[in-house]
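Student: Hey, got a minute to go through a structure with me? I'd like to start with the side chains.

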Amino acid sequence: MTDNTLGERLEAVRDRYRETYGAVPSSVQDRLRVAQTFGRLHTEETFAALRSIVLSDNPLGARVQQLVHFGQLLALGRADPARLHACGALHAGAALADLVGVAESALLTSGAPAYALGIEIVAELQQAGEGAARSESQ
């Protein structure tokens, strides 16, 4: 396989993540580097294709799917992936209020730690959004 073909394949996987999140998460970049080093890019391509089917070809739609993933990850206490899917939900058209609603639902189904994590993530995103708005107005 030529370096050009490999580069195109890597970029195609990255594009799938850009569609979902607006950027390529560092954890995905790490996985792609490992896959490339050990000749296992086909695993990442297959995984990305499955993700695309589950997220894009789903009756819930991208916005709701990302909100569901956010809630599930809050329930599991998985902070970094929950942050990623919160950003994915915003990228898919959700509002911060939607994320608050998911966090409140997590309070009932998974307890205070899940709720607290969700609100922590919303606060981070709110602060980041306010910082970006201040930068744009200057």
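Student: Are Tyr 17 and Tyr 21 buried or exposed?

Tutor: Happy to help! Keep in mind that this is a predicted model. In it, Tyr 17 is buried, and Tyr 21 is buried too.

Student: And how many aromatic pairs does the structure hold?

Tutor: There is one aromatic pair. Tyr 17 and Tyr 21 form it, and the pair is stacked, with 6.4 Å centre to centre and 15° between the planes.

Student: Why do you quote both a distance and an angle?

Tutor: Because a pair of aromatic rings is described by the distance of the centres and the angle of the planes.

Student: OK, and how are Tyr 17 and Tyr 21 separated in helix H1?

Tutor: By about one helical turn, because they are four residues apart in that helix.

Student: Let's move to Thr 20. Which helix is Thr 20 in?

Tutor: Thr 20 lies in helix H1, which covers residues 3-21.

Student: Why does Thr 20 count as buried?

Tutor: Because its relative accessibility is 16%, and buried means under 20%.

Student: What does the side chain of Thr 20 reach?

Tutor: The backbone oxygen of Arg 16, at 3.3 Å. Leaving out residues up to four places away in sequence, Thr 20 also touches Arg 51, Leu 55, Gln 66, Gly 88 and His 91.

Student: New topic: which residues form a nonpolar patch on the surface?

Tutor: Leu 50, Ile 53 and Val 54, which together have about 260 Å² of accessible area.

Student: Where is Ile 53 placed?

Tutor: Ile 53 is in helix H3, residues 41-56.

Terms used
Residues numbered from 1 in each chain as written. Predicted model: local features only at pLDDT ≥ 70, side-chain atom pairs only at ≥ 80, totals over all residues. Heavy atoms only, no water. Helix = DSSP H or I, 4+ residues; strand = E, 2+ residues; numbered from the N terminus. Buried < 20%, exposed > 50% of the residue type's maximum accessible area, 1.4 Å probe, protein only. Polar contact = N/O pair within 3.5 Å; in protein donor to acceptor, adjacent residues only side chain to side chain. Contact = heavy atoms within 4.5 Å. Phe/Tyr/Trp six-rings, centres within 6.5 Å; stacked < 30°, edge-to-face > 60°. Patch = residues over 30% accessible without salt bridge, like charges linked within 9 Å, V, L, I, M, F, W, Y side chains within 5 Å. Areas by Shrake-Rupley, 256 points an atom, 1.4 Å probe, with all protein chains shown as cover. Salt bridge = Lys/Arg side-chain N within 4 Å of Asp/Glu carboxyl O.
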